[in-house]
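Take a walk through this model, strand by strand. Begin with the structure itself, then follow the text along the pairings, the charged pairs and a pocket.

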Amino acid sequence: MKQKILKIAIAAALPGLFATQAMAQSTIGGDASTNTRVGAVLQQNAGIANQNKARLGSVSQSRVGGDLSTNTRVLAVLQKNTGIANKNEANIGSLNDSRVGGDVKTNTRVGVVLQKNTGIANKNETNIGAVSDSRVGGDVDTNTRVLAVLQKNSGIANKNEANIGSVVDSRVGGDVKTNTRVGAVLQQNTGIANKNEANIGSVVDSRVGGDVNTKTRIGAVLQKNTGIANKNEANIGSVVDARVGGDVSTNTSALAVLQKNTGIASKNETSIGSID
């Protein structure tokens, strides 16, 4: 299945593999809008201090004075590291580590994101149509569709994080509306200091001045850790560790959530359509 998807992705990507749009470390006084189509991005490292970054139709470490609108279509992102101090990061149609004075609207469609690390100090992070570590003066509206996210680490100090159509570690002055559909999220760690975190159509560790409205549909979330200091956390269409000034409404459907830990200091935590 993976080989078939990869062949299709490469064929679609070759004519314009690098014709992507993203803003990193920029300042824009007015509005910003990205409209991006990508077949596939393939990134692989072997050695020490490895990092793969894919920023597709996203805004990272930047300031936008007006409104932000992203419209992004990506068939596949594949990232692999082998060695020490490895990190894979994929930001797709998202807002990360940035400030926006006006409204933020993301419209994102993604086929598959595959991230794999082998070695020491490994981290996989994917932000799809999400707002993370940012400040937004106006409203946030995310509309996200993802077929599958697969993240795997082997070694020491492992972490998998997937933020899909969510607002995470951010401040929003107005309302938040999320509409999210995901086929499957699979996260696996083997080693020491393992953590899997999946935030899907949720508001997590954030402050919202207005109302929150989440609509989330997901097929399956599978999380597995083996080793020491393990934690699995899945937040689906929920409001978790957040402050909301207005009303909260959640509409959530999940087919299956499977969480498994083997070892010492293990914890599984699931929040589905909840306020915690």
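Val 38 stands opposite Val 74 in β7. That match belongs to the pairing of β7 with strand β3, residues 32-48. The two strands run parallel and share 16 bridges. Bear in mind that this is a predicted model. Its mean pLDDT is 91. Of the residues in the chain, 91% reach 70 or more. One stretch calls for caution: over residues 5-20, pLDDT stays under 50. For that stretch the model has 22 contacts beyond four places in sequence.

Stay with β7. Strand β4 also pairs with β7, through six bridges, and the two run parallel. Here Asn 52 stands opposite Asn 88 in β7. Then comes β10, which pairs with β7 in the parallel sense over 23 bridges. Ser 69 has Lys 105 as its bridge partner in β10.

Two residues of β7 deserve a closer look. Arg 73 is found in this strand. What does Arg 73 touch, once residues up to four places away in sequence are set aside? The list is Thr 36, Arg 37, Val 38, Asn 107, Thr 108 and Arg 109. Arg 73 has a relative accessibility of 25%, so it counts as partly exposed. The cut-off explains the label: buried means under 20% relative accessible area. There is also a spacing to note along the chain. Arg 73 and Gly 93 are 20 residues apart in sequence, and their C-alpha atoms are separated by 8.4 Å.

Glu 89 is the second residue, and its place is also in strand β7. Is Glu 89 buried or exposed? Its relative accessible area is 9%, so Glu 89 is buried. Beyond its neighbours within four places in sequence, Glu 89 is in contact with Asn 52, Lys 53, Ala 54, Arg 55, Gln 79, Gln 115 and Glu 125.

Glu 89 leads on to the charged pairs. Side chains of opposite charge can pair when their charged atoms come close. How many salt bridges does the structure hold? It holds six. In one of them, the side chains of Lys 87 and Glu 89 meet, with N to O at 3.5 Å. Lys 87 has 23% relative accessibility, so it counts as partly exposed. Glu 89, at 9%, counts as buried.

Further along, Glu 197 and Lys 195 meet in a salt bridge, again listed at 3.5 Å from N to O. Glu 197 counts as buried because its relative accessibility is 8%. Lys 195 is partly exposed, with a relative accessible area of 24%. Next, Glu 233 forms a salt bridge with Lys 231. Their closest N and O atoms are 3.5 Å apart. Glu 233 is buried at a relative accessible area of 9%. Lys 231 is partly exposed at 24%.

Now turn to a pocket. The second largest pocket encloses about 310 Å³ of space. Which elements give two or more residues to its lining? They are β4 (51-56), β7 (68-92), β10 (104-128), β14 (159-164), β18 (195-200) and β22 (231-236). The lining counts 27 residues. Those nearest the centre of the pocket are Lys 123, Glu 125, Asp 133, Glu 161 and Asp 169. Glu 125 has been met before, as a contact of Glu 89.

Parallel pairing returns further along the chain. Strand β13 (residues 140-156) pairs with strand β17 (residues 176-192) in the parallel sense, over 16 bridges. Lys 152 finds its bridge partner in β17 at Gln 188. β17 also pairs with strand β21 (residues 212-228), parallel and over 16 bridges. In that pairing, Gly 191 stands opposite Gly 227 in β21.

Last, consider a sheet made of other strands. Seven strands form an open sheet with parallel pairing. In what order do they lie? The order is β2-β6-β9-β12-β16-β20-β24. The edge strands are β2 (27-28) and β24 (243-244), and each pairs on one side only. Within this sheet, β6 (residues 63-64) and β9 (residues 99-100) pair in the parallel sense over two bridges. Arg 63 has Arg 99 as its bridge partner in β9.

Conventions. Residues are numbered from 1 along each chain as its sequence is written. This is a predicted model: local features need pLDDT of at least 70, side-chain atom pairs count only at pLDDT 80 or more; totals for chains, interfaces and linings use all residues. Side-chain values use heavy atoms; hydrogens and water are left out. pLDDT is the predictor's confidence in each residue, from 0 to 100. Contact means heavy atoms within 4.5 Å. Two strands pair if DSSP finds at least two bridges between them. Helices (H or I, at least four residues) and strands (E, at least two) are DSSP runs, numbered from the N terminus. A salt bridge is a side-chain nitrogen of Lys or Arg within 4 Å of a carboxyl oxygen of Asp or Glu. Buried means under 20% relative accessible area, exposed over 50%, partly exposed in between (1.4 Å probe, protein chains only). On a 1 Å grid over the protein atoms alone, a cavity is a set of points where a 1.4 Å probe fits but cannot get out, and a pocket is an open set with protein on both sides within 12 Å along at least five of seven lines; lining residues have an atom within 4 Å of a point. Grid points are joined across faces, edges and corners, and a volume is the space filled by probe spheres set on the points.
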